[in-house]
Amino acid sequence: MAILSWHRWPTALFLFLSLICTTVNGNSPSFENTAVVRTVELDGALTHITTRYSVRALKDGASEYSFALGEADGKLMTWIQAKAKDEGELVLKSNGFDSESQSWSYTATLPKPMKAHTDITLELTTVQSNAVKPVPATVRQQDPQSLMYDTDLFVVSPYTTVIQRTKIRSPTSKIHNYTEPPNLSQFTKDEPSASKSSATITYGPYNSIPVSTTPDFLSTQQRISIHYEIERAVLRVLSLHRTAEVSHWGSNLNIQDEIHLKNDGAQLKGQFSRLSYQIQAFQQLPMFGTMQSLTLHLPSGISSPYYYDLVGNVSTSKFRPSTPPKAAPLKGSPPQWSVLELKPRYPLLGGWNYSFTLGWDAPLGDSVKYDAEADRYVLGVPFWTPVPGASVDMAEVKIVLPEGATDIEIFEPFPMLSVTRSTHITYLDTIGRPAVVFKKDSITDNHTNNIYITYKVPFSAHLKKPLSVGTAMLGVFALALLARRVDPRLQKSPNK
C-alpha cells in the first residue's frame, strides 16, 4: 500500500475538505479542470484577461459549467464572454456575489450535454477597467511612468484543478518587481513558484488545486502584484455624449461625440516646461505618459469631419477618407476605415483633462435599410467609436429619428443602465422628432456593437417638412403683399 509523503498531506487535506463541502451541499461535482491557463495582458486603462479551461465531465448529462471570479477581480470586470472551442459563444448567466466564498459566480450553458470522461475546452475572456494605479503617483516631466497591477494568485473555480498556470505580460520588458508567493510547496513539486522571461511573468505550474470557492480556501489564496514601466498615456474618458441624427430628406446620418478625456497616469510633479517638451520632441526622446495625438478609426464613406474644443476649431488634424467597398469584402480581409488623426492644442500629461467635440456625416444608405415586407426601416448605429486604449466611465447615446416615425422597436446589444424616450425639436420641425437615449457605465473597446432600431415613417410624415416650408414661404409672401397695400402714413402728401 502506497504511503503519501509528508509534503503531500496538505494537498490531500484540501481535497478531502473540498469533498466534504461538496457532500454537505448535496451535489456531486459534474466537472474537473484538467488544466487551466490564465493570460493577463497589461496595458494602460484596460486589462485583457483570457482564461482557457480544459474540462472533463465526471458524469453523464452535464450541461452547465460554472465560472468564478475573485471579489476584487469581479468588481473591476467590465466585460465578460465565454466560448467553447469550435462551438462559438456561450450564453452566460450571472449568479451574483457569494459572501461566504468571496467570489462572483457565472453559469454557462454548454452546446450539448456531455458524457462522462469526455473533454471540452472553454475560454473565458474578461476586461478590467482602471485596474492599474501609477506608482509613484507623481513624476517629473522627463521621468518614466510606472504602473502597479495586482490580482489573485489562483484562478477561482468551483471544481478541482489538476494543473494551473498564470502568465502576466507587460507591454515592456522593464519590470521593476513582482510578487514571489511563499508557502506553495504543496502545489509546486519543488519548482519555483514564479519565473520571469523578458516581459512575461509566469506563476506555476501549480498542481492538485482543490475547489477554491469555499471559505476554507480563502486562507490559501494570495494576492500577487507586478510593477512595470509603460510609455503610453493611461487614457480615461470621464464622459461621452453621442448624438446620431437621421435625416431622410437629406439622406444623411450625422454623428457627433462630446468627449471629456483625462490622462489617468502619474501626475506631473512641478511645473510644465514647454522648452523641455520641445527639446524632447526634437531629439525624439520618449514622452513617458504623455498623449501627443490620437488616431481614430471612423467608418468608411464618411465626409465633412469636424473637430473643435472649448476654444474653437482645431486645425491640427488630418483626415484620410476611405470609400466603402462596392462588393462584400473577402473573408479574412482587414476592415476599411477612414482615419482621423487628432492633435490637441497642448500635450496631455498625467492628471490633465481635455474636452473636445468630434463629428461627421455619413450616407444614410450605409446605416439604414428598408424592409419592404415589414414596411419598416432598420437603423444601425455604433454605440461608440473607441479611443485607443481608453476606458469610459459613463456614456450617453441619443438617437434622433425622423419626424413622424412610429412603431419604434429597440434592440440593445448589451444591457443598459437606462433607455428613455424623448422629443427632439430642431429647425423646420412641427411636432418634433422622436429620440431614444441610452445610458451605460464602464465601457470598454468591446462595447462597439450596433444599436438597432426599427421604425415606420408614414407617407404623410414625409410631406410635413415640404408643407411646413411651403406654408412659411406663402406666409412671407402674404405679409409682403399686405405690407405693400398698407399705408402707415397719417396724411397723404398733396399731388404736385
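**Notebook: salt bridges and strand pairing**

I counted the salt bridges first and found that the structure holds 19. I note here that the model is a predicted one.

**Entry 1, Arg140 and Asp143.** I looked up Arg140 and found that Asp143 is its salt-bridge partner, with the closest N and O atoms 3.1 Å apart. I then checked the exposure of the acidic partner: Asp143 has a relative accessible area of 23% and is partly exposed. That value falls between the limits of under 20% for buried and over 50% for exposed.

**Entry 2, Arg236 and Asp393.** Which residue forms a salt bridge with Arg236? I found Asp393, the closest N and O atoms being 3.1 Å apart. Arg236 belongs to strand E17 (residues 235-247) and Asp393 to strand E27 (residues 391-400), so this pair ties together parts that are 157 residues apart in sequence. I looked up the accessibility of each partner. Arg236 is partly exposed at a relative accessible area of 22%, and Asp393 also counts as partly exposed, at 25% relative accessibility.

**Entry 3, Lys439 and Glu396.** I turned next to Lys439, which forms a salt bridge with Glu396; here the closest N and O atoms are 3.7 Å apart. This pair, too, links distant parts of the chain: Lys439 lies in strand E30 (residues 433-443) and Glu396 in strand E27, 43 residues apart. Buried or partly exposed, I asked of Lys439? Lys439 counts as partly exposed at 35% relative accessibility. Glu396 counts as partly exposed at 24%.

I noted that strand E27 holds Asp393, the partner of Arg236 in E17, and also Glu396, the partner of Lys439 in E30.

**Entry 4, a network.** I asked which residues are joined into one network by salt bridges that share partners. I recorded Asp73, Asp150, Asp152 and Arg223. As background, I note that side chains of opposite charge can pair when their charged atoms come close.

**Entry 5, strand E23.** I then examined the pairing of strand E23 (residues 337-342). Strand E20 (residues 294-299) runs antiparallel to E23, and six bridges join the two. Within this pairing I looked up His297 and found that it stands opposite Val339 in E23. How many bridges pair strand E22 with E23? I found four, with E22 (residues 317-320) and E23 pairing in the antiparallel sense. Ser317 stands opposite Leu342 in E23. I add the general point that in a regular strand the side chains alternate between the two faces of the sheet.

Definitions and conventions
Residues numbered from 1 in each chain as written. Predicted model: local features only at pLDDT ≥ 70, side-chain atom pairs only at ≥ 80, totals over all residues. Heavy atoms only, no water. Salt bridge = Lys/Arg side-chain N within 4 Å of Asp/Glu carboxyl O. Buried < 20%, exposed > 50% of the residue type's maximum accessible area, 1.4 Å probe, protein only. Pairing = 2+ DSSP bridges.
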